[in-house]
Amino acid sequence: MKMNHKIRILMPFIAGLVLAFIGFMVEVSLAEVTGECSNCHTMHNSQGGSPMTFDSSTTPKDNLLKSDCLGCHGMGGNDKIVNLNGSEIPQVLHNDSGDLAGGNFAYITGLKGSGASDAKGHNVIDLGNDDINLDVAPGFPHAWGTVSDANLTCAGDNGCHGIRTINGAGVTGSHHRNIDGQCDTADEVYNSYRFLYTVRGLENNSSPTDRWQNVDAASHNEYYGNTSAVDYDPETDCTTSCHIGSYDLVTSPGNSISGLCASCHGLFHSVDNIGGNTSSPFTRHPTDIVLKASGEYASYTGYSVEAPVARPTVPAAPSGDVTPGTDLVMCLSCHGAHATDYPDLLRWDYDTMIAGGGSNESGCFVCHSTKDGI
């Protein structure tokens, strides 16, 4: 029987679609935790009379896990991505030559960098390292109910990741449902950017080898910015800012990464506290504010991983372009998330930012392009 010539022509196209679909399924499968269950879980925390927890603790962990957050993601080795029996695990405490996009707690402990310092990062209690500088989060807006050096942790009630509520579930179950790539819904932990509940963004999907990293202008995470900066009185308008729907539940105002930071550092973010409006002069450096399309800012048109911008919509792929007048300044334009080798989690050495010093548009001068003297 002869095959219709139209079908013969369509066959390669159909085969291509099938292969593309298979490839898509493989890529999506990378989003969720894969590998042996025993990589992460133990049923009774006992095998041959010995505990199965990574820290050899005889006390079982919640959810039948072998470790807490840093037990998996902060192994303290030489690799920023650890392969455990086929499972790739990003590391936020390591001695690799490079770091992942979120930074590296090793700068706090001194495992890496120019010397240990509590001022270099978020001193989560999971590190077992007391913060000698701070008792509460700088700019914390409340006179009550503080996040402190005694309770700041990676996830849960007083952390950044997962459900942040009294006796919350943290990131429970989210690893097995995780969606990476474009996270534009962000109504549950698993579909939020990096398990940061209600935060939107794009997890770098430019190539499998660049996951969790800001490599260059063509390969990086994309961050969502809210074009309506937070404007609230934290003592009276709680349910219209951080506590949407419930006083016990903390969300990210405007679904932005800066909104997440504002939930602890609120006095550094709200319109009332950066100068009372959304244009200069400011009394505190603005975030979730559109980068001006005029003057010194108009020159920032090529994406810099040293001073990244936020986008008003979550793109499907990383972009190397910056559009002044559309893209936004955010907290992560200047700061790292976990820790950096500079005080205050800055992305660069503030002491070397010298007006007229000819820095070749690095650091502050990526945005303030006319002030470096070049």
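This is a short walk through one predicted model, from its confidence to its cores, a hairpin and one loop.

Hi everyone, thanks for coming. Let's start with how far we can trust what is on the screen. The predictor gives the chain a mean pLDDT of 85, and 85% of the residues reach 70 or more. The beginning of the chain is another story: over residues 1-29 the pLDDT stays under 50. For that stretch the model has four contacts beyond four places in sequence. I'll leave that part there and move on.

Now the interior. Which residues touch the most other members of the largest nonpolar core? They are Tyr223, Ile257 and Tyr300, in a core of 23 residues. Helix H4, residues 257-262, and strand E10, residues 328-329, are the elements that give two or more residues to this core. There is also a second, separate core, this one of 15 residues, and among them are Val92, Leu127, Val147 and Cys264. As background, nonpolar side chains in soluble globular proteins tend to be buried together.

Let me stay with Tyr223 for a moment. Setting aside residues up to four places away in sequence, Tyr223 touches a list of residues that includes Ala101, Tyr193, Ile257, Tyr303, Met330 and Leu332. Polar and charged residues are on that list too, including Asn214 and Arg311.

Next, please find the hairpin made by E1 and E2, which has two residues between its strands. Strand E1 covers 81-84 and strand E2 covers 87-90. The two strands run antiparallel and are joined by four bridges. If you want a landmark, look for Val82, which stands opposite Ile89 in E2. In the turn sits Asn85, and its phi is positive, at about 50°.

Asn85 has company in that respect. Thr198 is not a glycine either, and its phi is positive as well, near 75°. So where is Thr198? You'll find it in the loop between E4 and E5. Is Thr198 buried or exposed? It is buried, because its relative accessible area is 8%, and the cut-off for buried is under 20%. Its side chain has a polar atom 2.9 Å from the backbone nitrogen of Ser252. Beyond residues up to four places away in sequence, Thr198 touches Ala186, Ser192, Thr251, Ser252 and Asn255.

The same loop, between strand E4 at 182-183 and strand E5 at 201-202, also holds Glu188. Glu188 is partly exposed, with a relative accessible area of 35%. Leaving out its neighbours within four places in sequence, the contacts of Glu188 are Arg177 and Tyr197. For a sense of distance, Glu188 and Val199 are eleven residues apart in sequence, and their C-alpha atoms are 9.6 Å apart in space.

One last stop, for those who like backbone details. Ser280 and Pro281 are joined by a cis peptide bond, with omega about 10°. Pro281 belongs to the loop between helix H5, residues 271-274, and strand E8, residues 289-290.

That's my tour. If you take one picture away, let it be Thr198, buried in its loop with a positive phi and a side-chain polar atom 2.9 Å from the backbone nitrogen of Ser252. Happy to rotate the model for anyone who wants another look!

How values were computed
Residues numbered from 1 in each chain as written. Predicted model: local features only at pLDDT ≥ 70, side-chain atom pairs only at ≥ 80, totals over all residues. Heavy atoms only, no water. Buried < 20%, exposed > 50% of the residue type's maximum accessible area, 1.4 Å probe, protein only. Contact = heavy atoms within 4.5 Å. Polar contact = N/O pair within 3.5 Å; in protein donor to acceptor, adjacent residues only side chain to side chain. pLDDT = per-residue confidence, 0-100. Core = buried A, V, L, I, M, F, W, Y, C linked by side-chain atoms within 4.5 Å. Pairing = 2+ DSSP bridges.
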